[in-house]
Amino acid sequence: MKAKKLLAATIAAAMSLGIMTADIQSTQAATRAELGAISVSKKGKFKYWEADSEAKAALVDYVKDVTNPRSKNFIPIEDRIAVFDLDGTLICETAPYYFEWMFYIYRDLDDPTHHATPAARQTAQNILDGIHAHNVTLDLDEAERYGQAAAFEGMTPDEYMNYVKRYMNSVYVDGLSNLKTGEGFYMPMVEVVSYLNANKFTVYIVSGSERDLLRVLVDGVMDIKPNHIIGTDHSFTTADIDGARPDRFFLKPDDQLIKGGDLRDLNLQTNKVYAIRREIGKQPVLAFGNSMGDGSMFNYTITKNKYRSAAFVVLADDTVRELGNEAKAEKMRRTAEQYNWIPISMRDDWTTIYGDGVMPTK
(Lines give C-alpha, C1' and ligand atoms only; values in the text may rest on other atoms or scores of the structure.)
Protein backbone atom coordinates (compact mmCIF):
# COMPACT_ATOMS: atom_id res chain seq x y z
CA MET A 1 0.00 0.00 0.00
CA LYS A 2 2.92 2.38 0.61
CA ALA A 3 4.05 1.89 -2.99
CA LYS A 4 0.57 2.70 -4.25
CA LYS A 5 0.40 5.87 -2.17
CA LEU A 6 3.79 6.93 -3.50
CA LEU A 7 2.59 6.36 -7.08
CA ALA A 8 -0.56 8.36 -6.35
CA ALA A 9 1.49 11.25 -4.98
CA THR A 10 3.74 11.15 -8.06
CA ILE A 11 0.76 11.25 -10.42
CA ALA A 12 -0.80 14.11 -8.45
CA ALA A 13 2.42 16.10 -8.67
CA ALA A 14 2.66 15.46 -12.41
CA MET A 15 -0.94 16.62 -12.87
CA SER A 16 -0.27 19.81 -10.93
CA LEU A 17 2.61 20.59 -13.32
CA GLY A 18 0.61 19.71 -16.41
CA ILE A 19 2.87 16.72 -17.09
CA MET A 20 1.37 13.36 -18.09
CA THR A 21 3.28 10.37 -19.39
CA ALA A 22 2.51 8.84 -22.76
CA ASP A 23 1.61 5.56 -21.09
CA ILE A 24 -0.97 7.22 -18.86
CA GLN A 25 -2.47 9.21 -21.71
CA SER A 26 -2.81 6.21 -23.98
CA THR A 27 -4.16 3.70 -21.47
CA GLN A 28 -7.93 3.41 -21.62
CA ALA A 29 -10.47 2.33 -19.06
CA ALA A 30 -11.57 -1.28 -18.89
CA THR A 31 -14.08 -1.83 -21.68
CA ARG A 32 -17.50 -3.29 -20.97
CA ALA A 33 -16.29 -6.60 -22.39
CA GLU A 34 -13.28 -6.54 -20.07
CA LEU A 35 -15.49 -5.68 -17.12
CA GLY A 36 -17.78 -8.56 -18.02
CA ALA A 37 -14.80 -10.92 -18.05
CA ILE A 38 -13.83 -10.11 -14.45
CA SER A 39 -14.10 -13.29 -12.42
CA VAL A 40 -13.39 -14.17 -8.80
CA SER A 41 -13.43 -17.79 -7.71
CA LYS A 42 -15.38 -19.22 -4.82
CA LYS A 43 -12.22 -19.07 -2.68
CA GLY A 44 -11.88 -15.32 -3.19
CA LYS A 45 -8.70 -14.40 -5.08
CA PHE A 46 -9.18 -10.70 -5.78
CA LYS A 47 -7.02 -8.78 -8.26
CA TYR A 48 -8.17 -5.20 -7.68
CA TRP A 49 -8.11 -5.09 -3.87
CA GLU A 50 -5.11 -4.40 -1.67
CA ALA A 51 -3.80 -7.57 -0.02
CA ASP A 52 -4.11 -6.00 3.44
CA SER A 53 -7.60 -4.53 2.94
CA GLU A 54 -9.60 -4.95 6.14
CA ALA A 55 -12.88 -4.58 4.25
CA LYS A 56 -11.97 -7.37 1.84
CA ALA A 57 -10.88 -9.57 4.75
CA ALA A 58 -14.20 -8.92 6.50
CA LEU A 59 -16.14 -9.87 3.38
CA VAL A 60 -14.16 -13.04 2.75
CA ASP A 61 -14.42 -14.07 6.42
CA TYR A 62 -18.16 -13.51 6.30
CA VAL A 63 -18.70 -15.47 3.08
CA LYS A 64 -16.52 -18.39 4.17
CA ASP A 65 -18.40 -18.59 7.46
CA VAL A 66 -21.97 -18.44 6.17
CA THR A 67 -21.34 -20.85 3.27
CA ASN A 68 -19.70 -23.48 5.50
CA PRO A 69 -22.27 -26.20 6.27
CA ARG A 70 -20.46 -26.96 9.54
CA SER A 71 -20.71 -23.36 10.78
CA LYS A 72 -23.40 -22.29 13.20
CA ASN A 73 -23.83 -19.26 10.90
CA PHE A 74 -24.51 -21.32 7.75
CA ILE A 75 -27.07 -19.70 5.44
CA PRO A 76 -29.01 -21.90 3.01
CA ILE A 77 -28.53 -20.95 -0.64
CA GLU A 78 -32.12 -19.75 -1.03
CA ASP A 79 -31.58 -17.16 1.73
CA ARG A 80 -28.20 -15.82 0.56
CA ILE A 81 -29.51 -12.49 -0.68
CA ALA A 82 -27.23 -9.52 -1.33
CA VAL A 83 -28.48 -6.06 -2.29
CA PHE A 84 -26.41 -3.34 -3.96
CA ASP A 85 -27.03 0.32 -4.57
CA LEU A 86 -25.76 1.42 -8.01
CA ASP A 87 -24.46 5.02 -8.18
CA GLY A 88 -21.39 5.50 -6.01
CA THR A 89 -21.42 1.81 -5.08
CA LEU A 90 -20.96 -0.02 -8.37
CA ILE A 91 -20.52 2.85 -10.82
CA CYS A 92 -19.18 6.40 -10.83
CA GLU A 93 -21.50 9.12 -9.52
CA THR A 94 -19.04 12.00 -9.24
CA ALA A 95 -18.07 12.77 -12.85
CA PRO A 96 -19.80 15.00 -12.60
CA TYR A 97 -23.06 13.47 -11.32
CA TYR A 98 -25.29 10.39 -11.37
CA PHE A 99 -25.45 8.47 -14.67
CA GLU A 100 -29.23 8.87 -14.87
CA TRP A 101 -29.10 12.63 -14.43
CA MET A 102 -26.37 13.17 -17.01
CA PHE A 103 -28.31 10.93 -19.41
CA TYR A 104 -31.43 13.06 -18.98
CA ILE A 105 -29.50 16.34 -19.32
CA TYR A 106 -27.88 15.08 -22.51
CA ARG A 107 -31.32 14.27 -23.91
CA ASP A 108 -32.76 17.74 -23.28
CA LEU A 109 -29.66 19.83 -24.04
CA ASP A 110 -27.44 17.99 -26.51
CA ASP A 111 -29.48 15.51 -28.52
CA PRO A 112 -30.16 17.10 -31.95
CA THR A 113 -33.02 14.65 -32.60
CA HIS A 114 -34.96 15.75 -29.52
CA HIS A 115 -36.73 19.10 -29.31
CA ALA A 116 -37.33 19.83 -25.64
CA THR A 117 -39.59 22.71 -24.67
CA PRO A 118 -37.87 25.95 -23.63
CA ALA A 119 -38.97 25.34 -20.04
CA ALA A 120 -37.57 21.80 -20.08
CA ARG A 121 -34.27 22.99 -21.53
CA GLN A 122 -34.00 25.69 -18.89
CA THR A 123 -34.64 23.21 -16.08
CA ALA A 124 -31.97 20.86 -17.45
CA GLN A 125 -29.54 23.77 -17.82
CA ASN A 126 -30.21 24.93 -14.25
CA ILE A 127 -29.48 21.44 -12.96
CA LEU A 128 -26.29 21.20 -15.02
CA ASP A 129 -25.13 24.63 -13.79
CA GLY A 130 -25.77 23.52 -10.23
CA ILE A 131 -23.83 20.30 -10.77
CA HIS A 132 -20.80 22.19 -12.07
CA ALA A 133 -21.04 24.66 -9.20
CA HIS A 134 -21.44 21.79 -6.69
CA ASN A 135 -24.65 23.45 -5.57
CA VAL A 136 -27.79 21.82 -6.94
CA THR A 137 -30.63 23.76 -5.31
CA LEU A 138 -33.63 22.67 -7.40
CA ASP A 139 -36.22 20.22 -6.09
CA LEU A 140 -34.61 17.20 -7.71
CA ASP A 141 -37.45 14.88 -6.74
CA GLU A 142 -39.86 16.94 -8.81
CA ALA A 143 -37.38 17.34 -11.65
CA GLU A 144 -36.79 13.60 -11.68
CA ARG A 145 -40.45 12.63 -11.40
CA TYR A 146 -41.59 14.78 -14.30
CA GLY A 147 -38.59 16.27 -16.14
CA GLN A 148 -36.72 13.03 -16.75
CA ALA A 149 -39.91 11.19 -17.63
CA ALA A 150 -41.05 13.84 -20.09
CA ALA A 151 -37.70 13.69 -21.89
CA PHE A 152 -38.45 10.10 -22.93
CA GLU A 153 -42.25 10.19 -23.02
CA GLY A 154 -43.73 8.40 -26.02
CA MET A 155 -40.79 6.04 -26.61
CA THR A 156 -41.48 2.32 -26.78
CA PRO A 157 -39.46 0.24 -24.29
CA ASP A 158 -37.21 -1.02 -27.10
CA GLU A 159 -36.62 2.50 -28.42
CA TYR A 160 -35.71 3.70 -24.96
CA MET A 161 -33.35 0.82 -24.20
CA ASN A 162 -31.62 1.22 -27.58
CA TYR A 163 -31.21 4.93 -26.81
CA VAL A 164 -29.53 4.07 -23.50
CA LYS A 165 -27.13 1.75 -25.34
CA ARG A 166 -26.15 4.42 -27.86
CA TYR A 167 -25.56 6.96 -25.12
CA MET A 168 -23.46 4.77 -22.85
CA ASN A 169 -21.34 3.46 -25.74
CA SER A 170 -20.61 6.84 -27.32
CA VAL A 171 -20.66 9.63 -24.72
CA TYR A 172 -17.60 10.15 -22.52
CA VAL A 173 -17.70 10.96 -18.82
CA ASP A 174 -17.18 14.63 -17.95
CA GLY A 175 -14.41 14.94 -15.38
CA LEU A 176 -12.47 11.68 -15.87
CA SER A 177 -10.19 10.82 -18.78
CA ASN A 178 -10.60 7.94 -21.26
CA LEU A 179 -13.90 6.78 -19.80
CA LYS A 180 -17.20 6.26 -21.62
CA THR A 181 -20.32 6.58 -19.49
CA GLY A 182 -21.08 2.87 -19.86
CA GLU A 183 -17.60 1.92 -18.64
CA GLY A 184 -17.67 3.74 -15.32
CA PHE A 185 -18.03 0.64 -13.14
CA TYR A 186 -15.74 0.19 -10.16
CA MET A 187 -13.59 -2.81 -11.04
CA PRO A 188 -13.14 -3.94 -7.40
CA MET A 189 -16.92 -3.95 -6.88
CA VAL A 190 -17.49 -5.93 -10.06
CA GLU A 191 -15.18 -8.46 -8.41
CA VAL A 192 -17.39 -8.49 -5.32
CA VAL A 193 -20.47 -9.31 -7.39
CA SER A 194 -18.56 -12.10 -9.17
CA TYR A 195 -17.35 -13.48 -5.83
CA LEU A 196 -20.84 -13.54 -4.36
CA ASN A 197 -22.24 -15.20 -7.47
CA ALA A 198 -19.53 -17.88 -7.20
CA ASN A 199 -20.67 -18.54 -3.63
CA LYS A 200 -24.31 -18.89 -4.71
CA PHE A 201 -25.61 -15.58 -3.40
CA THR A 202 -28.52 -14.06 -5.29
CA VAL A 203 -27.56 -10.49 -6.12
CA TYR A 204 -30.05 -7.66 -6.53
CA ILE A 205 -29.51 -4.03 -7.45
CA VAL A 206 -31.74 -1.67 -5.46
CA SER A 207 -31.31 1.83 -6.87
CA GLY A 208 -33.08 5.14 -7.20
CA SER A 209 -32.34 5.15 -10.94
CA GLU A 210 -34.92 4.17 -13.54
CA ARG A 211 -35.27 0.41 -13.84
CA ASP A 212 -35.11 -0.12 -17.62
CA LEU A 213 -32.01 2.10 -17.80
CA LEU A 214 -30.35 -0.04 -15.13
CA ARG A 215 -31.14 -3.24 -17.02
CA VAL A 216 -29.29 -1.96 -20.07
CA LEU A 217 -26.39 -0.51 -18.09
CA VAL A 218 -25.72 -3.71 -16.13
CA ASP A 219 -26.25 -6.19 -18.97
CA GLY A 220 -22.94 -7.75 -20.06
CA VAL A 221 -20.97 -6.28 -17.15
CA MET A 222 -22.30 -8.22 -14.15
CA ASP A 223 -24.27 -11.44 -13.93
CA ILE A 224 -27.43 -9.95 -12.45
CA LYS A 225 -30.74 -11.02 -13.93
CA PRO A 226 -33.07 -8.30 -15.29
CA ASN A 227 -35.78 -9.29 -12.81
CA HIS A 228 -33.27 -8.83 -9.99
CA ILE A 229 -32.94 -5.13 -10.74
CA ILE A 230 -35.14 -2.88 -8.61
CA GLY A 231 -35.37 0.81 -9.40
CA THR A 232 -37.70 3.72 -9.91
CA ASP A 233 -40.35 2.84 -12.48
CA HIS A 234 -41.30 4.90 -15.51
CA SER A 235 -45.05 5.12 -16.01
CA PHE A 236 -46.46 3.41 -19.09
CA THR A 237 -49.42 3.98 -21.32
CA THR A 238 -50.55 2.74 -24.72
CA ALA A 239 -51.01 4.54 -27.99
CA ASP A 240 -54.78 3.91 -28.13
CA ILE A 241 -55.83 4.25 -24.50
CA ASP A 242 -57.10 7.83 -25.02
CA GLY A 243 -57.61 8.67 -21.36
CA ALA A 244 -59.31 5.43 -20.35
CA ARG A 245 -58.53 3.76 -17.03
CA PRO A 246 -55.81 1.11 -17.55
CA ASP A 247 -57.59 -1.31 -15.22
CA ARG A 248 -60.64 -1.11 -17.48
CA PHE A 249 -58.85 -0.93 -20.83
CA PHE A 250 -58.47 -3.89 -23.20
CA LEU A 251 -55.11 -3.91 -24.99
CA LYS A 252 -55.65 -4.88 -28.62
CA PRO A 253 -52.98 -6.81 -30.58
CA ASP A 254 -52.02 -3.81 -32.71
CA ASP A 255 -51.76 -1.34 -29.81
CA GLN A 256 -48.31 -0.22 -28.65
CA LEU A 257 -46.82 0.12 -25.18
CA ILE A 258 -45.09 3.49 -24.68
CA LYS A 259 -43.52 5.42 -21.82
CA GLY A 260 -45.72 7.90 -19.99
CA GLY A 261 -44.97 11.29 -18.50
CA ASP A 262 -43.93 10.57 -14.92
CA LEU A 263 -41.85 8.30 -12.71
CA ARG A 264 -43.54 6.21 -10.03
CA ASP A 265 -42.42 5.55 -6.45
CA LEU A 266 -38.95 7.08 -6.45
CA ASN A 267 -36.86 4.24 -5.04
CA LEU A 268 -34.97 6.28 -2.44
CA GLN A 269 -34.25 5.98 1.28
CA THR A 270 -36.87 3.84 3.06
CA ASN A 271 -38.67 3.20 -0.22
CA LYS A 272 -35.76 0.87 -0.92
CA VAL A 273 -36.74 -1.20 2.10
CA TYR A 274 -40.37 -1.32 1.00
CA ALA A 275 -39.28 -2.38 -2.49
CA ILE A 276 -37.06 -5.15 -1.11
CA ARG A 277 -39.94 -6.53 0.91
CA ARG A 278 -42.39 -6.21 -1.98
CA GLU A 279 -40.18 -7.61 -4.74
CA ILE A 280 -37.83 -10.02 -2.94
CA GLY A 281 -39.98 -10.99 0.00
CA LYS A 282 -37.01 -11.80 2.23
CA GLN A 283 -34.59 -9.86 4.40
CA PRO A 284 -31.17 -9.57 2.74
CA VAL A 285 -28.08 -10.78 4.56
CA LEU A 286 -25.63 -8.46 2.78
CA ALA A 287 -26.05 -4.83 1.71
CA PHE A 288 -23.67 -2.53 -0.17
CA GLY A 289 -24.11 1.21 -0.61
CA ASN A 290 -22.28 4.51 -0.35
CA SER A 291 -24.42 7.11 1.37
CA MET A 292 -27.16 7.84 3.88
CA GLY A 293 -29.56 7.20 1.02
CA ASP A 294 -28.67 3.56 1.57
CA GLY A 295 -28.75 3.76 5.36
CA SER A 296 -32.30 2.47 5.67
CA MET A 297 -31.38 -0.53 3.50
CA PHE A 298 -28.28 -1.14 5.65
CA ASN A 299 -30.20 -1.06 8.90
CA TYR A 300 -32.99 -3.24 7.54
CA THR A 301 -30.39 -5.82 6.51
CA ILE A 302 -28.47 -6.04 9.77
CA THR A 303 -31.24 -5.49 12.34
CA LYS A 304 -33.08 -8.48 13.84
CA ASN A 305 -31.83 -10.76 11.11
CA LYS A 306 -32.06 -14.48 11.84
CA TYR A 307 -28.79 -14.93 9.96
CA ARG A 308 -25.36 -13.39 10.37
CA SER A 309 -25.54 -10.22 8.25
CA ALA A 310 -23.37 -7.27 7.24
CA ALA A 311 -23.51 -3.89 5.52
CA PHE A 312 -20.62 -2.34 3.59
CA VAL A 313 -20.36 1.35 2.68
CA VAL A 314 -18.08 2.61 -0.13
CA LEU A 315 -16.25 5.83 0.77
CA ALA A 316 -15.36 8.19 -2.10
CA ASP A 317 -12.12 9.32 -0.43
CA ASP A 318 -9.79 9.03 -3.44
CA THR A 319 -8.95 12.45 -4.87
CA VAL A 320 -6.18 11.23 -7.19
CA ARG A 321 -7.87 8.47 -9.20
CA GLU A 322 -11.45 9.63 -8.56
CA LEU A 323 -13.28 12.88 -7.85
CA GLY A 324 -13.53 12.07 -4.18
CA ASN A 325 -14.25 14.30 -1.21
CA GLU A 326 -12.23 13.45 1.87
CA ALA A 327 -14.36 15.50 4.26
CA LYS A 328 -17.61 13.85 3.15
CA ALA A 329 -15.96 10.45 3.19
CA GLU A 330 -14.72 10.95 6.74
CA LYS A 331 -18.20 12.00 7.86
CA MET A 332 -19.61 8.84 6.30
CA ARG A 333 -16.92 6.76 7.97
CA ARG A 334 -17.96 8.10 11.37
CA THR A 335 -21.58 7.31 10.58
CA ALA A 336 -20.59 3.80 9.57
CA GLU A 337 -18.88 3.32 12.92
CA GLN A 338 -22.01 4.52 14.70
CA TYR A 339 -24.25 1.99 12.96
CA ASN A 340 -21.79 -0.90 12.61
CA TRP A 341 -21.49 -0.65 8.83
CA ILE A 342 -18.15 -1.76 7.37
CA PRO A 343 -16.32 1.01 5.45
CA ILE A 344 -14.61 0.42 2.09
CA SER A 345 -11.99 3.03 1.19
CA MET A 346 -11.52 3.70 -2.52
CA ARG A 347 -8.15 5.23 -1.68
CA ASP A 348 -6.76 2.56 0.63
CA ASP A 349 -8.57 -0.66 -0.29
CA TRP A 350 -8.48 -0.65 -4.11
CA THR A 351 -5.45 -1.11 -6.38
CA THR A 352 -7.37 0.50 -9.25
CA ILE A 353 -10.84 1.94 -9.83
CA TYR A 354 -11.49 2.05 -13.59
CA GLY A 355 -8.08 1.08 -14.96
CA ASP A 356 -4.84 2.95 -14.57
CA GLY A 357 -5.37 5.32 -17.54
CA VAL A 358 -8.38 7.00 -15.96
CA MET A 359 -7.92 10.01 -13.73
CA PRO A 360 -9.53 13.38 -13.02
CA THR A 361 -9.30 16.02 -15.74
CA LYS A 362 -10.31 18.94 -13.52
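D317 counts as buried in this predicted model, because its relative accessibility is 3% and buried means under 20% relative accessible area, exposed over 50% and partly exposed in between (1.4 Å probe, protein chains only). D317 sits in the loop between β6 and α13; helices (H or I, at least four residues) and strands (E, at least two) are DSSP runs, numbered from the N terminus. A polar atom of the D317 side chain lies 2.9 Å from the backbone nitrogen of R347. With neighbours within four places in sequence left aside, D317 is in contact (heavy atoms within 4.5 Å) with E326, A329, R333, S345, M346 and R347.

Residues are numbered from 1 along each chain as its sequence is written. The model is predicted, with local features needing pLDDT of at least 70 and side-chain atom pairs counting only at pLDDT 80 or more, while totals for chains, interfaces and linings use all residues; side-chain values use heavy atoms, without hydrogens or water.

P343 belongs to strand β7 (residues 342-345) and is partly exposed, at 25% relative accessibility. Beyond four places in sequence, the contacts of P343 are A55, V313, L315, R333 and D349. The C-alpha atoms of P343 and A239 are 48 Å apart, with their positions 104 residues apart along the chain.

Two nonpolar cores are described here. A nonpolar core is a set of buried Ala, Val, Leu, Ile, Met, Phe, Trp, Tyr and Cys residues joined through side-chain atoms within 4.5 Å. The largest has 82 residues, and F84, M189, L196, M222 and L286 have the most contacts inside it. A second, separate core of 18 residues includes I276, A287, M297 and A329. Among the contacts of F84 outside its neighbours within four places in sequence are M189, V192, V193, L196, F288 and M297.

Empty space was examined on a 1 Å grid over the protein atoms alone: a cavity is a set of points where a 1.4 Å probe fits but cannot get out, a pocket is an open set with protein on both sides within 12 Å along at least five of seven lines, and lining residues have an atom within 4 Å of a point. Grid points are joined across faces, edges and corners, and a volume is the space filled by probe spheres set on the points.

The largest pocket holds about 1,400 Å³. Of its 44 lining residues, E93, T94, Y97, Y98 and K328 are the closest to the centre. Helix α13 gives the most to this lining, with five residues. By class, the pocket lining has 15 nonpolar, 17 polar and twelve charged residues; Ala, Val, Leu, Ile, Met, Phe, Trp, Tyr, Cys and Pro count as nonpolar, Asp, Glu, Lys and Arg as charged, and the others, Gly among them, as polar.

There is one cavity of 30 Å³ or more. The largest cavity has a volume of about 50 Å³, and its lining consists of E100, F103, Q148, A149, F152, Y160, E210, L213, H234 and L263. Helices α5 and α7 each give two or more residues to the cavity lining. In α7, the buried residues are L140, A143, E144, Q148, A149 and A151.

Backbone angles at three sites are listed below.

| Site | Angle | Location |
|---|---|---|
| A95 to P96 (cis peptide bond) | omega near -10° | P96 in the loop between β1 (81-84) and α5 |
| D242 | positive phi of about 50° | loop between β3 and β4 |
| D265 | positive phi near 50° | loop between β4 and α11 (270-279) |

D242 is exposed, with a relative accessible area of 75%, and D265 is exposed at 57% relative accessibility.

Terms used:
A polar contact is a pair of N or O atoms within 3.5 Å; within protein, one must be able to donate a hydrogen and the other to accept it, and residues adjacent in sequence count only if both atoms are side-chain atoms.
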